[in-house]
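I opened this model to take notes on its fold. I worked from single residues outward to the whole chain.

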Amino acid sequence: MIVGVGIDVVDIARFVDTLHRVPALRTKLFTPAERAMPETSLAARFAVKEALAKALGAPPGLHWHDAQVPRTAGSQPVLEVTGTVAARAAELGVARFHLSISHDAGIASAVVIAERD
């Protein structure tokens, strides 16, 4: 059963400009492993985090570092959740997440589906 669906779209150039203008955002939004990724990948991962929050009902108190998409070359992306995000998912009975992520033509996008058994 689907618990929630979230989608987000990010203008990559605007996102990158913001990261350069406010360098502290990189630390606030991303885990150390994510920070080493190319900026286009960061824009896509930001879209994932926004889509995930929407799929979980956008409750206050979710921490950005409690969700990440590790780099896995050649395989389907996987969403890893811990802390506040895992707690909200458990509260809703979420058993798994389905993720689609892309970045092309200046746009990063993500769709997250939260599913329970």
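**Entry 1: A105**

I looked up A105 first, bearing in mind that this is a predicted model. A105 counts as exposed, because its relative accessibility is 74% and the cut-off for exposed is over 50%. I found A105 in the loop between β4 and β5. Its phi is positive, about 55°, although A105 is not a glycine. Most residues other than glycine have a negative phi. The hairpin of β4 and β5 has two residues between the strands.

**Entry 2: A58 and G93**

I then checked A58. A58 also has a positive phi, near 50°, and is a residue other than glycine. It sits in the loop between α4 and β2. Is A58 buried or exposed? I read a relative accessible area of 51%, so A58 is exposed. G93 has a positive phi too, of about 80°, and comes just after α5.

**Entry 3: the sheet**

In what order do the strands of the open sheet lie? I traced three strands in the order β1-β5-β4, with antiparallel pairing. The edge strands are β1 (2-11) and β4 (96-104), and each of them pairs on one side only. On average, neighbouring strands here are turned by 10° against each other, direction ignored.

Next I followed the bridges. Nine of them link β1 to β5 (residues 107-115), in the antiparallel sense. I noted G6 opposite V112 of β5, and I2 opposite E115 of β5. On the other pairing, β4 and β5 run antiparallel and are joined by nine bridges. There R96 has E115 of β5 as its bridge partner.

**Entry 4: the two faces of β5**

Which side chains of β5 are buried? In a regular strand the side chains alternate between the two faces of the sheet. I saw that alternation along β5. A108, A110, V112 and A114 point to one face and are buried. I107, S109, V111, I113 and E115 point to the other face and are not buried.

**Entry 5: helix α1**

I turned to α1 (residues 12-21), which packs on the sheet and touches β1, β4 and β5. The direction of α1 makes about 80° with that of β1. The buried residues of α1 are I12, F15, V16 and L19. Why do they line one face of the helix? Seen down the axis of α1, they fall within an arc of 95°, so they line one face. The face turned away from that buried side carries R14 and R21, which are exposed. I listed what covers the buried residues of α1: the cover includes β1, α2 (24-29), α4, β4 and β5.

I also listed the neighbours of F15. Leaving out residues up to four places away in sequence, F15 touches V10, L29, F30, L42, A43 and F46.

**Entry 6: helix α5**

I repeated the check on α5 (residues 83-92). Its buried residues are V85, R88 and A89. They cover an arc of only 100° around the axis, which puts them on the same side of α5. On the other side, A90 and E91 are exposed. The cover over the buried residues of α5 includes α4 (39-55), β2 (67-68), β3 (80-81) and β4.

**Entry 7: the nonpolar core**

In soluble globular proteins, nonpolar side chains tend to be buried together. I found 30 residues in the largest nonpolar core of this model. Those with the most contacts inside it are F15, L52, L79, F97 and V112. The elements giving two or more residues to this core are α1, α4, α5, β4 and β5. Helix α4 gives the largest share, nine residues.

**Entry 8: the whole chain**

Last, I looked at the chain as a whole. I counted five helices and five strands. From the N terminus on, they run β-α-α-α-α-β-β-α-β-β. Of the 117 residues, 35% count as buried. Among contacts with a separation of 6 or more, 56% are between residues 24 or more positions apart.

The C-alpha trace spans about 40 × 30 × 20 Å along its principal axes. I compared the radius of gyration with that of a compact globule. With 117 residues such a globule would have a value near 13 Å, and the protein has 14 Å, which agrees.

Key: Residues numbered from 1 in each chain as written. Predicted model: local features only at pLDDT ≥ 70, side-chain atom pairs only at ≥ 80, totals over all residues. Heavy atoms only, no water. Pairing = 2+ DSSP bridges. Helix = DSSP H or I, 4+ residues; strand = E, 2+ residues; numbered from the N terminus. Axes fitted to C-alpha atoms, helices over the stretch in contact; angles between N-to-C directions. Contact = heavy atoms within 4.5 Å. Buried < 20%, exposed > 50% of the residue type's maximum accessible area, 1.4 Å probe, protein only. Arc of directions from axis to C-beta. Core = buried A, V, L, I, M, F, W, Y, C linked by side-chain atoms within 4.5 Å. Rg over C-alpha atoms; globule rule 2.2 N^0.38 Å.
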